[in-house]
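Q: Could you give me a close look at one small sheet here, strand by strand? Please then follow it into the space beside it, and add whatever else helps me read the backbone around it.

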Amino acid sequence: VLQQGKSTSIRGLSVVDDNVAWISGSKGNIAITTNGGKTWNWQQVKGFEKSDFRDIEAFSDKEAIIMSSGTPALILKTIDGGANWQVKYKNADTAYFFDAMEFTDKQIGYVLGDPINGQFVLMQTKDGGEHWLASDNPAKALPGEASFAASGTCLALNLNRKNIAIVTGGSYARLMFRNTDEGKWNYENLPIQHGKASQGAFSMVCGDKSIVVVGGDYSKNKLSDSTACFFKLDNSPEFTLTTGNTTGFQSCIEYISDNTFLSTGTPGSNITTDSGKTWTKIDGISYNVCRKAKTGKLVLLAGDGGKIGILKL
């Protein structure tokens, strides 16, 4: 644990490199480190002290974009290290609830929101977050299906060469993906526990040899049945449940290297060294999100109470 004791629940985490990382959380809290997590510069974004910033995408120690869940739905951007934040999108319609944000590069990005009228909300920017427009090709939702604003990782771009992918929960647990902006959506059922609003697939990531999905039931977070599954990129006909389950509900999965993945959730963190087939509990501390540096090896975790941790392998 690097630090804790802040009255904020952190769900947004973006690790730029081995020095720079940003976090975002409830009560309008943002923090940045420029020394690999040793110290953090905290702030409460002025005018947004009640906002719940559940995802963040950072590009440097100066430039970052934050997304809020709840009403109003917000997207803010800074280009001066958080000294000033500009509102790039605002929607006061209570039907809008943003879940996750992801960028392919500094220009192209998406924000995913819960379904409205049977279609997932999908916002897109093509100019680095300056302007956001609703996609005219959103994924269709089944009754009672949604995504989770748990770690910002229910949305992935370029997942195994797929243009965009989403994992869902609630009444169904599914992977949905398309190959191009105009392409047809494909839908695949996942063997993750589902059927209740608190259950489903929460996070996905693609490694060199497999795609791994984690989730479970956040209301009964110690239930370890059907909390992780994997898809072998070379020969899998479908997703397969892990034979060695995680320690319980997991809200985030991250690819480390080779066959190694890290997952985390409120009952603790787990490691797999066989591309998702079996898991070993490595820690019992509660976290919401884990992310690796886009360029580098730094792996950080973050959770409730302003808790920030570092993984040392």
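A: Happy to! Strand 27 and strand 28 (residues 299-302) are paired antiparallel, with four bridges between them. One facing pair is Val289 and Ala302, the latter in strand 28. Strands here are DSSP runs of E with at least two residues, numbered from the N terminus, just as helices are runs of H or I with at least four. Two strands count as paired when DSSP finds at least two bridges between them.

Before going on, a word on the source: this is a predicted model, in which local features need pLDDT of at least 70 and side-chain atom pairs count only at pLDDT 80 or more, while totals for chains, interfaces and linings use all residues. Residues are numbered from 1 along each chain as its sequence is written, and side-chain values use heavy atoms, with hydrogens and water left out.

Back to your sheet: three strands in the order 27-28-29 make up an open sheet with antiparallel pairing. Strand 27 (289-292) and strand 29 (308-310) are the edge strands with a single partner each, so one side of each has no neighbour in the sheet. On average, neighbouring strands of this sheet are turned by 20° against each other, direction ignored. The axes behind that angle are lines fitted to C-alpha atoms (for helices, over the stretch in contact), and angles run from 0 to 180 degrees between N-to-C directions.

Strand 27 also leads us to the largest pocket, since this strand is among those that supply at least two residues of its lining. The space in the largest pocket is about 620 Å³. Of its 29 lining residues, Glu102, Phe103, Glu254, Arg291 and Lys294 are the closest to the centre. Pockets are sought on a 1 Å grid over the protein atoms alone: a pocket is an open set of points with protein on both sides within 12 Å along at least five of seven lines, a cavity is a set where a 1.4 Å probe fits but cannot get out, and lining residues have an atom within 4 Å of a point. Grid points are joined across faces, edges and corners, and the volume is the space filled by probe spheres set on the points.

By class, this lining holds 16 nonpolar, four polar and nine charged residues. Nonpolar covers Ala, Val, Leu, Ile, Met, Phe, Trp, Tyr, Cys and Pro; charged covers Asp, Glu, Lys and Arg; the others, Gly among them, are polar.

Strand 14 gives the largest share of that lining, five residues. Asn158 belongs to strand 14 (residues 155-159). Leaving aside residues up to four places away in sequence, Asn158 touches Thr104 and Asn163, where contact means heavy atoms within 4.5 Å. Asn158 and Thr104 are 54 residues apart along the chain, yet 7.5 Å separates their C-alpha atoms.

Strand 23 (252-257) is another contributor to the lining, with at least two residues. The loop between strand 23 and strand 24 (260-265) holds Asp258, whose phi is positive, near 50°, although the residue is not a glycine. Asp258 is exposed, with a relative accessible area of 57%. Here buried means under 20% relative accessible area, exposed over 50%, and partly exposed in between (1.4 Å probe, protein chains only).

Ser275 makes a nice companion case: this non-glycine residue also has a positive phi, about 60°. Its loop runs between strand 25 (268-272) and strand 26 (280-283), and Ser275 is buried, at a relative accessible area of 1%. As background, most residues other than glycine have a negative phi, and most peptide bonds are trans.

One peptide bond to check as well is Thr71 to Pro72, which is cis with omega near 0°. Pro72 lies in the loop between strand 6 (64-69) and strand 7 (73-78). These two strands form a hairpin with three residues between them, and Gly70 there has a positive phi near 95°. Strand 6 and strand 7 are antiparallel, joined by five bridges, with Ala64 opposite Thr78. On its way to strand 8 (residues 86-91), strand 7 again pairs antiparallel over five bridges, and Leu76 has Val87 as its bridge partner in strand 8. Six of the six residues of strand 7 are buried: Ala73, Ile75 and Lys77 point one way, and Leu74, Leu76 and Thr78 the other.
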